[in-house]
Amino acid sequence: MKGAYTNPRFFLAMTVMLAMAAALVQAQGTRVGFYARTCPRAESIVRSTVQSRFRSNPNIAPGLLRMHFHDCFVQGCDASILIDGPNTEKTAPPNRLLRGYEVIDDAKTQLEAACPGVVSCADILALAARDSVFLTRGINWAVPTGRRDGRVSLASDTTILPGFRESIDSQKQKFAAFGLNTQDLVALVGGHTIGTSACQLFSYRLYNFTNGGPDPTINPAFVPQLQALCPQNGDGSRRIDLDTGSGNRFDTSFFANLRNGRGILESDQKLWTDPSTRTFVQRFLGERGSRPLNFNVEFARSMVKMSNIGVKTGTNGEIRRICSAIN
């Protein structure tokens, strides 16, 4: 797998991403290669840690990707989601089911041994999210680094995270507040091409949603399959793929499922039913008559934008020695 990082199919994309990353973050204090002198092995240590953990448990990939998203939307990308304690972000409902905290801790332990007090937990999380996408056969991109860690972590702040029933208008408002546009929204939600959801987050769509029947936006032929997986009054913690048929691969199958009425979360399916977002779904799918967009490249572009939300650099924030504890 290590050799795949030099696969020729990524050369062009990497050239584009390097130029784009430099342009996006020039004024924000992060840059590609921030640790080149102070901790040259920083990215390779994170990468090898994620690879090792992924081999034994592929479910950590979507967990790390979601974790980075949830971190950035609350207090900015400052690793505040990693802090332990009562009423911290980690304890909030949207974060209780996230997987991969131990991967960040493992990478941090190795980095502290190699370069004490140099690499931030926020950067580890950003790098791990990128590596998770690549390991699931998605794109590899240059991640600007140089973030510092925050000290504030409050569960009450997580209400800003988009919910699984949220309207498209509300989602767009939340993304716009961080400088992310509608295309960014669709691309980033496209990260649901990997990972799972608990039945408790969508089973309400299957029973008595409207007039005693299921959500009419679900393909009628798909309803029995979902009901078999998540029976009424069944185990709400049971998990199923968000991208049916391709839950372990980073690809455009998620968008094809939305087009076919096979979205799992209500908020995901709305990307197709709302005209303002459907256009981007069609473009990512390369539908005839649309102006095609390369999902992988645009996802990487949106990730670079998102990963610079509210970053702390320079003398702001700190470098936590243990990611789960404030120094």
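**The largest pocket and the surroundings of Ala122**

In this predicted model, 38 residues line the largest pocket. Arg66, His70, Pro94, His192 and Leu265 lie nearest its centre. Several elements give two or more residues each to this lining. They are the helices α3 (60-73), α6 (168-176), α7 (182-189), α10 (266-273) and α12 (295-306), together with the strand β1 (196-198). Helix α3 provides the largest share, with 6 residues.

The space in the largest pocket comes to about 940 Å³. Rolling a probe the size of a water molecule over the atoms reveals where space is left empty. By class, the lining holds 20 nonpolar residues, 12 polar residues and 6 charged residues.

The position of the largest pocket follows from its lining. Residues come from both domain 1 (41-161) and domain 2 (168-306), so the pocket lies between these two domains.

A single residue, Ala122, was also examined. Ala122 sits in helix α5, which covers residues 121-135. Its relative accessibility is 1%. Buried means under 20%, so Ala122 counts as buried. Leaving aside residues up to four places away in sequence, Ala122 touches Cys77, Asp78 and Ala79. Arg147, Arg148 and Asp149 are also among its contacts. Arg37 is 85 residues from Ala122 along the chain. The C-alpha atoms of Ala122 and Arg37 are separated by 19 Å.

Technical notes: Residues are numbered from 1 along each chain as its sequence is written. This is a predicted model: local features need pLDDT of at least 70, side-chain atom pairs count only at pLDDT 80 or more; totals for chains, interfaces and linings use all residues. Side-chain values use heavy atoms; hydrogens and water are left out. On a 1 Å grid over the protein atoms alone, a cavity is a set of points where a 1.4 Å probe fits but cannot get out, and a pocket is an open set with protein on both sides within 12 Å along at least five of seven lines; lining residues have an atom within 4 Å of a point. Grid points are joined across faces, edges and corners, and a volume is the space filled by probe spheres set on the points. Helices (H or I, at least four residues) and strands (E, at least two) are DSSP runs, numbered from the N terminus. Ala, Val, Leu, Ile, Met, Phe, Trp, Tyr, Cys and Pro count as nonpolar, Asp, Glu, Lys and Arg as charged, and the others, Gly among them, as polar. Domain bounds come from an automatic or database domain assignment. Buried means under 20% relative accessible area, exposed over 50%, partly exposed in between (1.4 Å probe, protein chains only). Contact means heavy atoms within 4.5 Å.
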